[in-house]
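Hi,

Here is the structure I promised to pass on. Have a look at it first, and then read my notes below.

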There are 2 protein chains.
Amino acid sequence: MPYRSTVHESLAAVFQVRQLRTTSAGRPELAVLLWQRALDPERGTWALPGGRVCDDEDIETSARRQLAEKVDVCEVSHLEQLSVFSDPDRVPGERRIASAFLGLVPATTDPRLPTDTSWHSVAALPPTSFDHGVLVAEARARLAAKLSYTNIAFGLAPPVFTMSELREIYRAALGYDVDSTNLQRVLNRRKVLSPTGDTAPPGPTGGRPATMYRFTDSSLRVTDEFAALRPPG
Amino acid sequence: MPYRSTVHESLAAVFQVRQLRTTSAGRPELAVLLWQRALDPERGTWALPGGRVCDDEDIETSARRQLAEKVDVCEVSHLEQLSVFSDPDRVPGERRIASAFLGLVPATTDPRLPTDTSWHSVAALPPTSFDHGVLVAEARARLAAKLSYTNIAFGLAPPVFTMSELREIYRAALGYDVDSTNLQRVLNRRKVLSPTGDTAPPGPTGGRPATMYRFTDSSLRVTDEFAALRPPG
DNA sequence: GCAAAAGTGTTGACCTTACACCCATGA
DNA sequence: TCATGGGTGTAAGGTCAACACTTTTGC
């Protein structure tokens with residue numbers, strides 16, 4: 001056979017908005033799930049969960065399986081393909097062509113993780129393995145873009161939440177603050193939120209109780225079609 | 001080895017806006033490059049150009065090479081990754097994982113094609129091989145979306161053109177008519193067009209001569225950032 | 001002058017941010 | 001009643017599609 005052995009692998013950048021203990025008493029941040037390599041090559045660097053695609057599964061099934069098996073993350077609320085990393089020399093040894101994924105986990109779930117695995121602030125990544133740092137950056141860019149024109153935040157938000165909590169999630173994921181007023185108006189007009197009827201108890205210092213919302217849909221939906229050159233209507 | 005033999009291939013949906021002789025004297029249409037399979041499986045159906053990724057090339061290089069070798073198309077003005085098609089049973093026999101691409105060719109070039117290869121209206125595709133029809137639909141959707149918020153039309157337009165010609169290209173690619181007035185205004189404000197200084201001669205029946213334009217950039221650029229939830233400032 | 005094609009101005013609708021203002025609660 | 005946080009109203013600015021209007025040409 002004239003071709004050398006080539007492996008196809010899946011790699012997932014799984015994001016969650018969470019309070020990282022490194023920044024004590026700080027605000028929640030966008031975090032990504034990484035495990036630390038115990039062996040060469042690149043021993044000690046931090047890698048994304050993933051691995052070889054099996055014969056009987058497609059790449060999305062593979063990515064879900066790797067997350068369940070290797071880092072015990074079963075409740076991924078959203079998973080979508082990014083691009084393929086295929087530089088012949090992207091990893092040493094046997095060639096590996098990697099299909100990248102963006103995964104999201106709700107802010108409230110706290111999966112039990114293996115000892116070599118932990119959450120890391122996307123804003124301050126540790127040394128990453130191979131091209132995994134580029135992959136994380138691409139995943140973050142995709143997330144930020146889709147927050148603007150889809151309901152993708154359902155993947156990061158808890159089942160029910162207040163507008164303030166949702167605002168914190170947007171702030172962490174986008175990297176800048178958003179106006180709570182306008183966030184509510186935008187999401188309301190697009191009908192992505194539904195009030196549950198309940199209200200959250202006010203904090204210790206009082207304040208008006210916040211109404212609680214949930215996302216109307218629990219799968220990705222484009223809520224703001226192209227700005228320009230719309231079909232005539 | 002516990003894994004069966006798996007091939008990674010690239011597949012490209014190459015689009016061009018062109019006058020198809022099937023619809024005589026009609027307007028130009030969006031066309032895709034297909035070749036007819038001479039052998040089983042699926043003999044007689046129409047397939048996208050592509051093939052096995054070599055050991056020393058990444059998938060984009062592979063896609064360009066396949067286009068040059070198999071259908072003699074060397075001047076692809078734009079090429080970008082779509083998604084991966086990885087269903088274990090997407091083709092019979094040896095497993096093939098396919099990286100899909102969207103390619104664009106300017107309206108004026110007319111590459112010499114092998115005898116088994118020809119352009120087909122995207123609106124009326126012949127029977128397609130395997131999952132290639134889905135791939136073409138995905139490519140078209142990506143093109144239509146990006147026409148709205150990027151300068152991707154540079155890939156379909158000739159080097160210089162009038163606004164009327166450009167309008168025809170948008171109409172063909174989007175599938176609906178666009179207002180020439182507004183097209184000009186949108187593209188002007190985003191500074192994607194530059195006047196060449198020349199004008200086109202009027203048609204046989206007279207008319208004001210049209211000024212000629214070219215695209216300012218010849219690579220993809222996002223010209224209309226997210227509508228909502230912009231950074232403050 | 002007239003038809004035809006190119007290009008400009010204007011209007012009304014919609015969406016956005018920013019900010020002032022009102023509402024509900026605990027202390 | 002006062003501070004605190006939740007929620008609403010409104011004004012200013014930008015972009016859009018639609019269409020009337022002006023400009024420039026060939027006949």
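Before the helix, one cut-off: I call a residue buried when its relative accessible area is under 20%, with only the protein chains counted. Also keep in mind that this is a predicted model.

With that in hand, take α2(A). The buried residues in this helix are H132(A), L135(A), V136(A), A139(A), L143(A), A144(A), A145(A), K146(A), L147(A) and S148(A). An α-helix has 3.6 residues a turn, so residues three or four places apart point the same way. What lies over the buried residues of α2(A)? The cover includes five strands and a helix of chain A, namely β1 (6-18), β2 (29-36), β3 (46-47), β5 (78-85), β6 (95-104) and α3 (163-174). I also checked the length of α2(A): its 18 residues (132-149) should span 26 Å at 1.5 Å a residue, and the end C-alpha atoms are 26 Å apart, so the two agree.

Stepping back to the whole of chain A, the secondary structure amounts to 4 helices and 9 strands. Their order from the N terminus is β-β-β-β-α-β-β-β-α-α-α-β-β. Chain A has 233 residues, and 50% of them count as buried. Along the principal axes, its C-alpha atoms fill a box of roughly 70 × 55 × 30 Å. If you take the contacts in chain A between residues at least 6 apart in sequence, 66% of them join residues at least 24 apart.

How are chain A and chain B related? Chain A superposes on chain B by a rotation of 180° with 0.0 Å of shift along the axis, at an RMSD of 0.0 Å. The two copies are therefore related as by a two-fold rotation axis. Both copies use the same surface, since 100% of the contact residues of chain A recur in chain B.

Now the DNA, starting with strand C. It is surrounded by 26 residues, the closest being R185(A), R189(A), S164(B), T211(B) and L229(B). By class, these are 9 nonpolar, 10 polar and 7 charged residues. Is it backbone or bases that the protein mostly comes up against? Of the strand C atoms within 4 Å of the protein, 65% belong to sugar or phosphate and the rest to bases. Two of the polar contacts go to phosphate oxygens of strand C: a polar side-chain atom of T211(B) is 2.6 Å from one, and a backbone N or O atom of L229(B) is 2.9 Å from one. A base is reached as well, with a polar backbone atom of R208(B) 3.4 Å from a base nitrogen of strand C. The elements that give two or more residues to this surface are α4 (180-189) of chain A, along with α3 (163-174), α4 (180-189) and β9 (210-215) of chain B. Of these, α4(A) gives the most, with 4 residues.

Strand D has 30 residues around it, and the closest are S164(A), R208(A), T211(A), R189(B) and G207(B). Sugar and phosphate make up 67% of the strand D atoms that come within 4 Å of the protein. Here an N or O atom in the side chain of S164(A) is 2.6 Å from a phosphate oxygen, and a backbone N or O atom of L229(A) is 2.9 Å from a phosphate oxygen. R208(B) turns up again: a polar atom of its side chain lies 3.1 Å from a base oxygen of strand D. At least two residues each come from α3, α4 and β9 (210-215) of chain A and from α4 of chain B. The largest share, 5 residues, is that of α4(B). The classes come out as 11 nonpolar, 11 polar and 8 charged residues.

Finally, two loop residues in chain B. N151(B) sits in the loop between α2 (132-149) and α3. Is N151(B) buried or exposed? Its relative accessible area is 2%, so it counts as buried. Apart from neighbours within four places in sequence, N151(B) is in contact with V192(B), F215(B), D217(B), S219(B), L220(B), R221(B) and T223(B).

The other residue is P111(B), in the loop between β6 (95-104) and β7 (117-121). P111(B) is buried too, at a relative accessible area of 13%. Beyond residues up to four places away in sequence, P111(B) touches D72(B), V73(B) and W119(B).

Cheers

Notes. Residues numbered from 1 in each chain as written. Chains lettered and ligands numbered in written order. Predicted model: local features only at pLDDT ≥ 70, side-chain atom pairs only at ≥ 80, totals over all residues. Heavy atoms only, no water. Expected span 1.5 Å × (residues − 1). Buried < 20%, exposed > 50% of the residue type's maximum accessible area, 1.4 Å probe, protein only. Contact = heavy atoms within 4.5 Å. Near = heavy atom within 4 Å. Polar contact = N/O pair within 3.5 Å; in protein donor to acceptor, adjacent residues only side chain to side chain. Nonpolar A, V, L, I, M, F, W, Y, C, P; charged D, E, K, R; others polar. Least-squares fit on C-alpha atoms with pLDDT ≥ 70 in both.
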